[in-house]
Amino acid sequence: MSELEDQKHIEALESLLRKPSKVTENLDFPNWEEVSRRPIRFDLQGKPKQSHQVVSFFRKPIGLVAVGGSTFALAASLLFVFLQKPNESKSIEVASASVKEEKREVTSPLLVSVSQIKGKVFVIPSGSNTSVALVERYQLTSGDSIVTEVNSQVDLHFETGSWIRISSQSEVVVNNLQKTNEGSLSQKFSVKKGKLFASVSKLSKDSEFVVQAGEHLTQVRGTLFSVSFDGNVETVAVREGTVAFGDLILNSKQQAVVKLGESIPESASKVSPKEDKELKAFYTQSVLAKESLLYKEHSRLELVRLEDGTELRGVILGQTETHLHFQGLDGQIEIPIQNILETEKIR
């Protein structure tokens with residue numbers, strides 16, 4: 001078939017298509033007005049969409065620029081939070097509480113160093129059976145044992161400002177030295193024999209300072225006291241503050257003596273002149289030692305006198321418009337400037 005014949009054939013077919021068939025010409029079709037009045041037989045809109053009560057987070061506010069994948073991940077995370085079941089929500093809350101509790105209980109070693117040594121003093125490190133000579137600035141850890149020979153003693157300096165002296169012919173075990181990220185302290189010692197003097201800085205509610213000697217515990221909140229044990233008799237003496245000796249409360253200038261196998265007395269007795277003298281000497285010497293440490297670190301020592309007559313010895317670190325930053329013998333404090341009467345340099 002030539003190209004001309006092909007064109008004529010196409011035109012013939014198009015002519016047939018434009019002409020209605022006889023069947024179509026014999027049918028009676030309704031006009032548009034009749035069709036518009038007829039009822040709808042088929043719903044062409046389909047099934048209605050279900051509502052899921054979901055908040056959409058995909059609407060991007062003005063100025064927010066986000067990568068598509070990151071936006072989708074963020075929306076999916078938030079969608080998960082809002083669509084979770086009540087029980088799942090409670091589980092997440094419990095898990096969050098557990099994490100917070102775990103964080104609260106995080107502990108670290110409390111810094112306690114050897115300040116002064118007199119005579120021969122030894123330490124048995126935690127986990128060892130061999131004693132070695134103790135040296136100044138040695139950092140004590142939980143489990144260490146300290147042994148002093150005749151006419152020997154050692155002073156321990158706590159980062160909290162507390163001070164301990166272990167006297168001649170003594171053996172003291174450091175049971176626990178820890179602090180938490182919330183500021184609570186755990187300080188526990190055992191006097192196997194000999195004598196321990198302690199000047200303890202004021203403790204927070206959740207902190208503890210405990211000394212075990214013989215069969216009894218001595219617990220303090222912040223005070224100046226001594227505990228001695230000769231293998232048979234235990235003596236606890238207090239110069240300042242309050243000490244719980246078992247169920248007995250000892251106040252300033254009081255002491256209690258108890259033998260092994262006997263009960264703690266129901267009432268305290270007056271501190272003996274010998275104990276009182278030793279405690280006073282220890283306190284004075286510990287104050288001078290703390291001042292020497294501050295002077296060695298800052299090359300100066302100052303006195304801050306308050307309007308109520310209180311005198312604070314230490315180092316002025318700086319000040320703001322309202323407070324003076326002060327490193328005292330028991331740690332750093334902030335003193336309201338309006339309460340300060342005067343300051344002076346001691347050394």
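Which residues line the largest cavity? In this predicted model, with residues numbered from 1 along each chain as its sequence is written, local features need pLDDT of at least 70 and side-chain atom pairs count only at pLDDT 80 or more, while totals for chains, interfaces and linings use all residues. Side-chain values use heavy atoms, with hydrogens and water left out.

The largest cavity (on a 1 Å grid over the protein atoms alone, a set of points where a 1.4 Å probe fits but cannot get out) is lined, with an atom within 4 Å of a point, by Gly214, Glu215, His216, Phe229, Asn232, Glu234, Val258, Lys259 and Leu260. Its volume, the space filled by probe spheres set on points joined across faces, edges and corners, is about 30 Å³. The structure holds 1 cavity of 30 Å³ or more.

Pockets are open sets with protein on both sides within 12 Å along at least five of seven lines. The largest pocket encloses about 590 Å³ of space. It is lined by 26 residues, of which Ser113, His157, Leu293, Leu294 and Glu297 are the closest to its centre. Two or more lining residues come from each of strand E2 (112-118), strand E6 (153-158), helix H6 (273-298) and strand E20 (323-328), where helices (H or I, at least four residues) and strands (E, at least two) are DSSP runs numbered from the N terminus. H6 provides the largest share, 8 residues.

The second largest pocket has a volume of about 470 Å³. Among its 21 lining residues, Ser199, Ser201, Tyr283, Lys290 and Asp330 are the closest to the centre. H6, strand E19 (311-319), E20 and strand E21 (331-336) each give two or more residues to this lining.
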